[in-house]
Amino acid sequence: MDTSKKMAAGITGFASFLWLTLTAAVAANQRRLVFNPCITPEVESPRSTGHRTRPIVLRAKDGTRLCGWLLTPLVPGPRPAVMYFGGRSEEVSWVARDAGKLFPGMTVLVMNYRGYGQSHGVPEEINMIEDGCTLFDWLAALGQVDAARIAVVGRSLGSGVAVQVAKERPVHSVVLITPYDSILAIAKRRFRVMPIEYMLRHRFESIKYAPSLKAPTYVLRALEDDVVPHSHTDQLVQKLATLVGDDTVPGSDHMNIPYLEATQALIASFLTRQFAKPAATPQLPAGDAPQVVAEVGKEVGPKPEPVATTTLPATASADDALSAIAK
């Protein structure tokens, strides 16, 4: 073999080695590519101006502690409710702070994913969906929540969680902020030369579930989005069975969109209009009532007291939870 052929073979061998190395690295670190848990609270001791704000811990089916906030309207009585699912790098305490503008007159349950904030565990797609369904069941069983009017709101990564929860549960309305067709599709776009479809476990394939969603769905896009290109949102929008709106927020990008007053006003307006419409009686999954251990802190005021928690037995009812909250 002459020198040129040896050199070509050497280059080919090195390129193959590099490709295999990169492929192995992507496969081994895919959790870090999909999830970027933020532990530091975005807002210390958040307090909604329009809600009673209480830190809460709910235990998932496997006992994992999920931490977040339960926000209840100042006006008593059965109220519509909202669950919020955050983005890839999002710690969700800011939602508790801004809930008065985002979700006026609505009960709000906002929880950090496993591994985010003070929640325990490790983020996995399968657990996120299961936890979301479990939390929906718990919220629907609360005595002061109108179970027929529960919406889910998902941002970026959380849009994939919201879509799958809406497929599995009788959700009233859906809001998707900078949603995508699938994480798999975005990963294939980014890693074009790698067999990503054989490597990626956390796929969040919203486009597969979109045609089966029965709840009215509202999409919000960022004007400038270098994380979720509009073409990936277009693919999802074309498959949504009950799309009622698709708006682009002026002056927004992928990172700032949820904090903008325009975004918050659009979400509040959409949900208020939807909740004003008659709702069908929800058909919750057959089986026992949700068995979730709840630890609820005291209401957070301007000078919050140290959290005093109450642990409910695993068989506690939703009314027991409300009684504990009221103490």
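**View 1. Strand E3 beside strand E5 in the predicted model.** Six bridges join strand E3 to strand E5, which spans residues 145-155, and the two strands run parallel. Within this pairing, Tyr84 stands opposite Val153 of E5. Strand E3 itself, comprising residues 79-85, is mostly covered, since six of its seven residues are buried.

**View 2. Strand E3 beside strand E4, with the connecting helix H3.** Strand E3 also pairs with strand E4 (residues 107-111), again in the parallel sense, and this pairing is made over four bridges. Tyr84, which stands opposite Val153 in E5, has Val110 as its bridge partner in E4. Between the two paired strands the chain passes from E3 through helix H3, residues 93-102, before reaching E4, and the resulting β-α-β crossover is right-handed.

**View 3. Ala210 and its surroundings in the loop between helix H7 and strand E7.** Ala210 is placed in the loop that follows helix H7 (206-209) and leads to strand E7 (217-224). The relative accessible area of Ala210 is 0%, and because buried means under 20%, this residue counts as buried. When neighbours within four places in sequence are left aside, Ala210 is in contact with Leu236, Lys239, Leu240 and Ala241.

**View 4. The pair Ala210 and Leu236.** Ala210 and Leu236, although 26 residues apart in sequence, have a C-alpha to C-alpha separation of 7.1 Å in space. Leu236 is also one of the residues in contact with Ala210 once the neighbours within four places in sequence are set aside.

Terms used. Residues are numbered from 1 along each chain as its sequence is written. This is a predicted model: local features need pLDDT of at least 70, side-chain atom pairs count only at pLDDT 80 or more; totals for chains, interfaces and linings use all residues. Side-chain values use heavy atoms; hydrogens and water are left out. Buried means under 20% relative accessible area, exposed over 50%, partly exposed in between (1.4 Å probe, protein chains only). Contact means heavy atoms within 4.5 Å. Two strands pair if DSSP finds at least two bridges between them. A crossover is right-handed if, with the strands pointing away from the viewer, the path from the first strand over the helix to the second runs clockwise.
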